[in-house]
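Let's take a walk through this model together, moving from the strands of one chain to the place where two chains meet. Keep the structure open beside you as you read.

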There are 2 protein chains.
Amino acid sequence: MEATGTTTTREIVVGVCRAAREASARMGRASAPEKNAALAAMARGLRGKTPWLREQNRKDLEAAASRGLSGAMLDRLTLSDERIEQMAAGIEEVIALPDPVGEVEKMWRRPNGLWVGRMRIPLGVIGIIYESRPNVTADAAALCVKSGNAVILRGGSEAIFSNTAIARILREAMTLAGLPADAVAVIERTDREAIDWMLQAEEYIDLIIPRGGEALIRSVAEKSRIPVIKHYKGVCHIYVDEGADVGQAVPICINAKVQRPGVCNAMETLLVHEKVAPEFLPTVSAELRKHGVELRVCPQTLSLVPWAIPAAEKDWGTEFLDLILAVRVVPSMDEAIEHIRRYGSLHTEAILTRNHARAMRFIRDVDSSLVLVNASTRFNDGFQLGLGAEIGISTTKIHAFGPMGLAELTTMKFIAFGDGQVRS
Amino acid sequence: MEATGTTTTREIVVGVCRAAREASARMGRASAPEKNAALAAMARGLRGKTPWLREQNRKDLEAAASRGLSGAMLDRLTLSDERIEQMAAGIEEVIALPDPVGEVEKMWRRPNGLWVGRMRIPLGVIGIIYESRPNVTADAAALCVKSGNAVILRGGSEAIFSNTAIARILREAMTLAGLPADAVAVIERTDREAIDWMLQAEEYIDLIIPRGGEALIRSVAEKSRIPVIKHYKGVCHIYVDEGADVGQAVPICINAKVQRPGVCNAMETLLVHEKVAPEFLPTVSAELRKHGVELRVCPQTLSLVPWAIPAAEKDWGTEFLDLILAVRVVPSMDEAIEHIRRYGSLHTEAILTRNHARAMRFIRDVDSSLVLVNASTRFNDGFQLGLGAEIGISTTKIHAFGPMGLAELTTMKFIAFGDGQVRS
C-alpha cells in the first residue's frame with residue numbers, strides 16, 4: 001500500500017503529531033513573557049498580512065461557491081478586514097490573561113515534615129478538530145500557546161487555504177519569539193482519513209476538542225482513542241417559579257430567547273409554575289410574539305395563549321437555534337426539575353423566583369454546567385462569567401464542565417519538598 | 001438472537017446501568033449524615049456477616065484451586081477475618097473524610113452584579129472494572145457513595161461469589177440508611193461480553209476506572225466509549241544530584257526500592273550524577289545488595305560496582321515490581337530529565353540534592369504525577385499525601401493526575417445568583 005513512493009496521509013499526520021509532541025516539552029517550560037511575545041507577534045502578523053489572508057480566503061470562497069455552498073456557509077467562511085482585526089484583538093485579550101502554568105494554590109505540611117502541594121502544568125498536546133470558521137485557527141492556537149501546550153489543528157476542507165495561511169502567520173510568530181513553530185501545527189490533508197489517524201495518535205496527543213455540529217462531535221467521540229471533551233448541544237430551560245417577579249421575569253425570558261437565538265446558551269424551553277401562569281404567560285407571550293417568536297406549547301399554555309401551536313413530544317428537548325420556544329406549565333418545581341432531567345442537555349438552566357429556599361434547592365438539584373437564579377441563560381460564556389476567552393463549553397463532566405478557559409487546558413501535578421523523609 | 005426467551009447479557013447489563021443512573025439522582029442530593037449512615041451500616045454488615053462472607057469466599061477459592069491458580073493468586077483472592085476487618089475499617093476511614101459535595105471554593109462578583117462561583121457535584125455513575133482482590137468491591141463503593149455517585153462494579157470471574165456477597169451486604173446497608181440499593185450495583189455476569197456492553201453504556205455511565213494489570217487497562221481503554229481514567233504503570237526514577245547528601249540519599253533509595261518492591265511507587269531506575277557516583281554508588285550498592293537487590297547497570301556504574309549485571313536497553317523503562325534496580329550514571333541533570341522523559345511513565349520521580357535552584361528546576365521540568373525533592377517515591381499514595389483513601393493513581397493528565405480521592409470523583413458546575421441581569 002505504501003510502496004508507491006508517495007507520502008501517505010498516515011505518515012504526514014504522524015509526522016506532524018510527533019513534531020508537536022517534541023515541541024510541547026519546550027512549551028511547558030516557556031515563560032509568560034516568551035508566550036506573550038509569540039502572541040503579540042501573531043496579532044501583528046495577522047494585521048500586517050491582511051491583504052494576503054483575504055487573497056487566500058478568496059480561494060476557499062471561490063471553491064465553496066462553485067460547489068454551491070449556501071449563503072450562510074459562505075458567510076461563516078469569509079475573512080473580512082473586520083474579522084481579521086477581531087482575530088488579532090482576540091489574541092491580545094489572551095495576552096492580558098494571567099499565565100496559569102506554575103500556579104500552586106496551596107501547600108500543606110504532613111506530620112513527617114513533608115510539604116505537599118499541587119502545581120498547575122500544561123496538558124501537553126491538544127488536538128482541535130473544527131469546521132468552517134477560520135478564526136478558530138487563531139483563537140484556539142492562542143489559548144493553547146498561553147497555557148503552555150502544543151496544538152494540532154485540523155479544520156474543514158472548505159477552509160483549507162484560509163486555515164493554512166493563518167497557521168503560517170502563527171508559526172512565523174512562534175519562531176520570532178524563540179518558541180518552536182511545531183507547537184502550532186496544522187494538518188493540511190483534507191481527507192477524512194487524516195482525522196482518523198489523528199484520533200489514534202494517543203502516543204502524541206493528550207486531549208481532543210471537537211468544535212462544530214453535533215454530527216462532527218459524535219463521530220469524533222466514537223472513533224477517538226484519545227480523551228475527547230464534548231459539547232453536544234444546549235437545550236436550555238428557564239423555570240418561572242410560583243410568585244416570581246413578573247416584571248423581572250419577562251425581560252430575562254426575552255433576553256434568553258431573542259438576543260441571539262442561534263447560539264447554544266439561548267433558552268429553548270420555558271417552564272412555568274401553574275400558579276403564576278395566568279399572570280405571566282399572556283404578558284411574556286405577547287412580548288415574544290412582538291419579537292417574532294413561534295411558541296410550541298402544552299395544552300394548559302394553549303388555553304392562555306390561543307395563538308400558539310400545540311407542542312409535539314419531540315419539541316421538548318429540541319435545540320431550535322431559532323425564534324421558536326417550547327412552553328410548558330408545571331404543577332411544581334419538582335416537576336420542572338424532573339422535566340429538565342429528562343429533556344435537558346446539562347448546558348444551562350435558570351430559575352426565576354423570589355423564594356430563597358427554592359432558589360437554593362434548584363441550584364443544588366439541577367445538574368447543568370451553569371445554574372442561575374434570576375438571570376438570563378445567555379451568561380454561560382467564558383467572558384461573561386469572568387474567566388476570559390474560552391475554547392468551548394463542555395457539557396460532559398469529566399475534566400471540564402462549562403466554559404473551558406486556560407485553566408481547563410491544564411492539569412495539576414503533585415509536588416513535595418522533603419529533607420530525607422522515607423515511608424515507614 | 002434474543003428470541004429464545006432467556007435474558008441476554010446485554011439486557012442484564014443495560015438493566016443494571018439504567019437502575020444505577022436512576023439512583024444517581026437521589027445520591028446527588030443525599031446529605032453527609034445519610035451517606036455516613038450507609039457507610040456505617042456497611043462496616044457493621046461486613047463485620048456481622050464475616051462467617052457467611054468466608055463461606056462464599058471459599059467457593060471462589062475452591063473453584064480457583066481446581067483451575068490450578070497460583071498460590072499468589074489464591075492469596076489475593078482470600079478473605080481472611082483480618083482482611084474483612086480491614087475492609088470495614090477502611091469504610092470507617094471514609095466516614096471520617098469531609099463530604100466534597102456542595103463545596104463552593106469561592107464566588108466572585110461580575111461588574112453587572114451577578115455573583116458567580118463553582119460548586120462541587122458528583123460525576124453521576126462510575127463504573128469500576130477490576131480483578132482478583134474482592135476488597136476493591138467495598139473500597140470503591142465506599143468512595144463512590146461518599147462522593148454522591150452511584151457505582152457499577154464488575155469484578156473478575158474468579159471472585160464472583162465473594163464480590164456478590166460483599167455487594168449484597170453493601171446494598172442492604174444502603175436500604176437501611178434510606179438510600180437506593182441500586183446506587184451500589186454489581187454486574188453478576190462473568191462473561192467478557194458483560195464488560196463490552198458496560199463500556200458502551202455511555203448513556204448511563206460517566207466514568208470508567210479500571211483497576212488491575214496493564215493488559216486489562218489497555219483493553220478497557222481501547223474498547224470504551226466512556227471516558228476512562230488510566231493508571232498504566234509506575235516506572236519511578238530517583239536522580240541523585242552532584243553534591244547530594246550521601247548520608248541522606250542512601251536511606252531514601254533503600255526505602256524507595258526495598259520497602260515494598262511490588263507496588264507502583266517503588267523505584268525502578270536510579271540515575272546518578274557522574275560527580276557523585278564514585279562516592280555514592282559503592283555505598284548504596286552495598287546496602288542494596290544486603291537487601292537482595294539485583295542491579296542492572298550502565299558501563300560507568302559497572303566500573304564502580306563490579307558485581308552488577310550489565311543493563312540491556314529494555315531494562316530502562318521496565319516496571320520490575322521486584323528486587324531489581326536499573327542504575328545509570330548521567331553527566332548532568334538535563335540528561336537525567338531527558339532519560340525520565342524517554343523512559344518514564346509520568347508516575348513518580350524524585351531528585352536528591354542540596355542545590356535549591358536545581359531542586360526547583362527538577363520540580364518544574366519533570367512532568368510526573370508526583371515530583372519530590374529529598375524524599376522517597378513511596379509517598380505517592382492518597383493517605384501519605386494527606387488526601388485520604390484513593391481509588392487509584394492516574395498517570396494520564398485528563399481529569400485527574402496522581403492519587404484519585406473523593407475530589408477526583410466529582411466535578412464543578414458553575415452557579416450564579418442574579419437579580420434580573422440580562423446580557424447586553
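## Strands that pair within chain A

In this predicted model, strand 2 of chain A pairs with strand 16 (residues 410-421) of chain A in the antiparallel sense, over eight bridges. To find your place in that pairing, look for Arg120(A), which stands opposite Met412(A) in strand 16.

Strand 2 (residues 115-122) of chain A also has strand 1 (residues 104-109) of chain A as an antiparallel partner, joined to it by four bridges. Here Trp108(A) stands opposite Val116(A) in strand 2. Strands 1 and 2 of chain A form a hairpin, with five residues between them. In the turn of that hairpin sits Gly113(A), whose phi is positive at about 95 degrees.

## A strand pairing across the chains

Now follow the strands from one chain to the other. Strand 13 (residues 370-375) of chain A and strand 16 of chain B run parallel, and five bridges join them. Within this pairing, Val373(A) stands opposite Phe417(B) in strand 16 of chain B.

## The side of chain B that touches chain A

How many residues of chain B are in contact with chain A? There are 55 of them, and they meet 55 residues of chain A. Several elements of chain B each supply at least two residues to this side: helix 1 (9-29), strand 2 (115-122), helix 10 (246-258), helix 14 (356-365), strand 13 (370-375) and strand 16 (410-421). Strand 16 of chain B gives the most, with 11 residues. By character, the residues of this side of chain B divide into 26 nonpolar, 16 polar and 13 charged.

## How the two copies are related

A turn of 180 degrees, with a shift of 0.0 Å along the axis, lays chain B on chain A with an RMSD of 0.0 Å. The two copies are thus related as by a two-fold rotation axis. The same surface serves both copies, since 100% of the contact residues of chain B recur in chain A.

Which residue of chain B comes closest to the rotation axis? That is His399(B), with its C-alpha at 1.9 Å from the axis.

## His399 in both chains

His399(B) deserves a second look for its backbone too: its phi is positive, about 70 degrees, although it is not a glycine. Most residues other than glycine have a negative phi. His399(B) is found in the loop between strand 14 (393-394) and strand 15 (402-403) of chain B. With 20 other C-beta atoms within 10 Å, His399(B) is buried.

Turn to chain A, and you will find His399(A) in the loop between strand 14 (393-394) and strand 15 (402-403) of that chain. Its phi is positive at about 75 degrees, although His399(A) is not a glycine. Is His399(A) buried or exposed? His399(A) is buried, because 20 other C-beta atoms lie within 10 Å.

## An enclosed helix in chain A

Let's finish with helix 6 (residues 135-146) of chain A. At 1.5 Å a residue, its 12 residues should span 16 Å, and the end C-alpha atoms are 17 Å apart, which agrees. Because 12 of the 12 residues of helix 6 are buried, this helix is largely enclosed by the rest of the structure. Its buried residues include Asp139(A), Leu143(A), Cys144(A) and Lys146(A). Just after helix 6 of chain A, Gly148(A) takes a positive phi of about 80 degrees.

Technical notes: Residues numbered from 1 in each chain as written. Chains lettered and ligands numbered in written order. Predicted model: local features only at pLDDT ≥ 70, side-chain atom pairs only at ≥ 80, totals over all residues. Expected span 1.5 Å × (residues − 1). Contact = placed C-beta atoms within 7 Å. Nonpolar A, V, L, I, M, F, W, Y, C, P; charged D, E, K, R; others polar. Pairing = 2+ DSSP bridges. Least-squares fit on C-alpha atoms with pLDDT ≥ 70 in both.
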